[in-house]
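Dear colleague,

Please find below the structure that I promised to pass on to you. I would be grateful if you kept it open beside this message while you read my notes.

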Amino acid sequence: MFATSGKGDRLKINVSKIPEGGMDIRFERDGSWFRGLLPEAAPSDFVPDRIDVACTVRRMKENVFIEGTAATTVEALCGRCLEMTRQPVNASFKYTFTPPPAQAKEEWELTAEDLDFAYYEEDTINLDALIFEQVMLHMPIKPLCTESCKGLCPHCGIDLNAASCLCQAETFDERLAALKQFKVQPEKQ
Ligand SMILES: [Zn+2]
Ligand SMILES: [Zn+2]
């Protein structure tokens with residue numbers, strides 16, 4: 001059992017030091033660590049809380065298998081009512097790492113579909129990069145405060161979760177009134 005709660009330091013695994021029976025790793029990262037890995041220009045919509053990571057690392061010859069979970073919550077605006085909400089982020093992942101083949105770099109460039117398969121270099125796997133990637137991948141795309149959030153009234157902007165308005169009824173009445181004015185002319189033959 002190998003445990004660390006190191007902050008700041010990049011957590012790297014030396015492949016040749018992975019014990020025969022594999023190892024369990026638990027660590028945590030905070031929101032500022034996450035922000036530090038985002039590009040400068042990235043929107044700051046999502047700021048995760050403490051990220052709890054638990055994973056198992058196993059090695060078969062030079063191949064490394066990493067399986068684990070990363071759990072946190074992020075603050076995000078509800079897409080319907082614009083209230084600030086906390087959204088759970090639960091990533092479970094499985095990666096296979098192998099040393100790069102001897103060919104030229106172009107031939108083993110990975111595509112987006114190969115996210116769970118990666119090469120390691122210089123006997124090192126960067127766990128921080130892996131966790132960052134997983135949290136990014138599992139960010140809520142359309143955050144909602146609740147599944148049943150009623151959102152804002154498109155006419156008057158009132159939060160329909162907290163209050164009600166007459167906009168919809170009025171709109172309906174207007175349509176009905178317009179319909180009543182519309183008289184179908186009998187066809188003349
Ligand atoms: Zn909402
Ligand atoms: Zn309204």
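In this predicted model, the largest nonpolar core is made up of 21 residues, and the members of it that touch the most other members are Val-53, Ile-66, Ile-131 and Val-135. At least two residues of this core come from each of four elements, namely strand 4 (51-60), strand 5 (63-77), strand 6 (84-98) and helix 2 (127-137), and strand 5 gives the most, with five residues. As general background, nonpolar side chains in soluble globular proteins tend to be buried together.

It may help to look next at helix 2, where the buried residues are Leu-127, Leu-130, Ile-131, Gln-134 and Val-135. When you look down the axis of helix 2, these buried residues fall within an arc of 130°, so they line one face of the helix. If you then select Ile-131 and leave aside its neighbours within four places in sequence, you will find it in contact with Arg-29, Ile-51, Val-53 and Ala-70.

A second residue that I would ask you to examine is Val-64, which is found in strand 5. Is Val-64 buried or exposed? Val-64 has 21 other C-beta atoms within 10 Å, and because 20 or more are needed for a residue to count as buried, Val-64 is buried. Once its neighbours within four places in sequence are left aside, Val-64 is in contact with Val-15, Ile-18, Val-57, Arg-59, Phe-97, Tyr-120 and Ile-125. You may also like to check the distance from Val-64 to Ala-118, since these two residues are 54 residues apart in sequence, while their C-alpha atoms are 9.8 Å apart in space.

From there I went on to Pro-99, which is found in the loop between strand 6 and strand 7 (117-119), and which counts as partly exposed, with 15 C-beta neighbours inside 10 Å. Leaving aside the neighbours within four places in sequence, Pro-99 is in contact with Glu-62, Tyr-119 and Tyr-120. The C-alpha atoms of Pro-99 and Asp-123 are separated by 7.9 Å, although these two residues are 24 residues apart along the chain.

Two further loop residues deserve a careful look at their backbone angles. Lys-61, in the loop between strand 4 and strand 5, has a phi near 55°, which is a positive value in a residue other than glycine. Lys-61 is exposed, with 7 other C-beta atoms within 10 Å. Leu-82, in the loop between strand 5 and strand 6, also has a positive phi in a residue other than glycine, in this case near 65°. Leu-82 counts as partly exposed, with 13 C-beta neighbours inside 10 Å.

Finally, here is the chain as a whole, which you can follow from one end to the other. There are three helices and eight strands, and from the N terminus on, the elements run β-β-α-β-β-β-β-β-β-α-α. The chain has 189 residues, of which 15% count as buried. Among contacts between residues at least 6 apart in sequence, 55% join residues at least 24 apart.

With best wishes

Definitions and conventions
Residues are numbered from 1 along each chain as its sequence is written. Chains are lettered from A and ligands numbered from 1 in the order in which they are written. This is a predicted model: local features need pLDDT of at least 70, side-chain atom pairs count only at pLDDT 80 or more; totals for chains, interfaces and linings use all residues. A nonpolar core is a set of buried Ala, Val, Leu, Ile, Met, Phe, Trp, Tyr and Cys residues joined through C-beta atoms within 7 Å. A residue is buried if 20 or more other C-beta atoms lie within 10 Å of its own, exposed if 12 or fewer, and partly exposed in between; C-beta atoms are placed from the backbone. Two residues are in contact if their C-beta atoms, placed from the backbone, lie within 7 Å. The arc is that of the directions from the helix axis to the C-beta atoms.
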